[in-house]
Amino acid sequence: MERYEADTTISYPCVGAAGKTGGWRDFKPVIDQSNCIKCLRCWAYCPEGAVLRGEDDSVSIDYDYCKGCGICARECPKKAITMERED
Ligand code: SF4
Ligand code: SF4
């Protein structure tokens with residue numbers, strides 16, 4: 001994939017007054033890596049910055065800060081993310 005230089009501001013999740021947002025979750029996103037095409041839509045759309053991007057553009061979930069909103073699953077073009085109920 002071709003890369004471009006860009007000036008931007010990136011924020012990172014941190015502990016707020018109500019604690020870590022991962023504590024709000026009823027459902028958690030689970031990534032089927034075999035179906036992921038590394039398009040990074042989930043990484044770009046996550047409102048909490050809780051989708052982690054690897055050096056090879058693979059993605060994983062930071063469950064400390066994922067609040068379980070499901071946006072990543074909804075935006076994934078390959079349906080590689082499913083929302084599963086927390087235990
Ligand atoms: S469920 Fe919501 S908060 Fe959690 S990783 Fe997906 S988009 Fe981010
Ligand atoms: S949106 Fe889906 S296919 Fe794209 S990087 Fe995320 S999990 Fe992979």
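**Close-up views: pockets, cavities and two ligands**

**View 1. A second-ranked pocket with charged residues in its wall.** About 200 Å³ of space lies in the second largest pocket of this predicted model. Look for M1, E2, R3 and Y4 along its edge, together with C39, L40, R53 and D57. That lining splits into 4 nonpolar and 4 charged residues, with no polar ones. Keep R53 in mind, as this residue turns up again in the view of W43.

**View 2. The largest pocket, at about 410 Å³.** Here 14 residues make up the lining, and those nearest the pocket centre are I10, S11, Y12, W43 and G49. Two elements, α1 (41-45) and β2 (51-53), each give two or more residues to this lining. Of the contributors, β2 gives the most, with 3 residues. Sorted by class, the wall of the largest pocket holds 9 nonpolar, 3 polar and 2 charged residues.

**View 3. An arginine over a tryptophan ring.** Zoom in on W43, one of the residues nearest the centre of the largest pocket. R53 lies over the face of W43, and the distance to the ring centre is 4.5 Å. R53 is also one of the residues that line the second largest pocket. What about ring-on-ring contacts: how many aromatic pairs does a search of the whole structure find? The count is 0.

**View 4. The largest cavity, where ligand 2 sits.** Now for the enclosed spaces: how many cavities of 30 Å³ or more turn up in a search of the whole structure? There are 2. The largest cavity has a volume of about 90 Å³. Its lining has 14 residues, and C36, I37, C39, C42 and C76 are the ones nearest the centre. By class, that lining has 11 nonpolar and 3 charged residues, and no polar ones.

**View 5. The residues around ligand 2.** With the ligand in place, pick out the stretch C36, I37, K38, C39, L40, R41 and C42, which is part of the surroundings of ligand 2. V59, C76, P77 and I81 complete the set. This shell has 9 nonpolar and 2 charged residues, with no polar ones. C39 and L40 are worth a second look: both are among the residues around ligand 2, and both also line the second largest pocket.

**View 6. The second largest cavity, at about 80 Å³.** Of the 13 residues that line the second largest cavity, C46, A50, C66, C69 and C72 come closest to its centre. The lining divides into 9 nonpolar, 2 polar and 2 charged residues. What takes up this space? Ligand 1 does.

**View 7. The residues around ligand 1.** Ligand 1 is surrounded by 13 residues, and the closest are C46, C66, C69, G70 and C72. By class, the shell around ligand 1 has 9 nonpolar, 2 polar and 2 charged residues. C46, C66, C69 and C72 are also among the residues closest to the centre of the second largest cavity.

Conventions:
Residues are numbered from 1 along each chain as its sequence is written. Chains are lettered from A and ligands numbered from 1 in the order in which they are written. This is a predicted model: local features need pLDDT of at least 70, side-chain atom pairs count only at pLDDT 80 or more; totals for chains, interfaces and linings use all residues. Side-chain values use heavy atoms; hydrogens and water are left out. A residue is near a molecule or strand if one of its heavy atoms lies within 4 Å of it. On a 1 Å grid over the protein atoms alone, a cavity is a set of points where a 1.4 Å probe fits but cannot get out, and a pocket is an open set with protein on both sides within 12 Å along at least five of seven lines; lining residues have an atom within 4 Å of a point. A molecule sits in a cavity or pocket if more than half of its atoms lie within 2 Å of its grid points. Ala, Val, Leu, Ile, Met, Phe, Trp, Tyr, Cys and Pro count as nonpolar, Asp, Glu, Lys and Arg as charged, and the others, Gly among them, as polar. Grid points are joined across faces, edges and corners, and a volume is the space filled by probe spheres set on the points. Helices (H or I, at least four residues) and strands (E, at least two) are DSSP runs, numbered from the N terminus. Rings of Phe, Tyr and Trp (its six-membered ring) pair if their centres lie within 6.5 Å; planes under 30 degrees apart count as stacked, over 60 as edge-to-face and the rest as tilted. A charge sits over a ring if NZ of Lys or CZ of Arg is within 6 Å of the ring centre and within 35 degrees of the ring normal.
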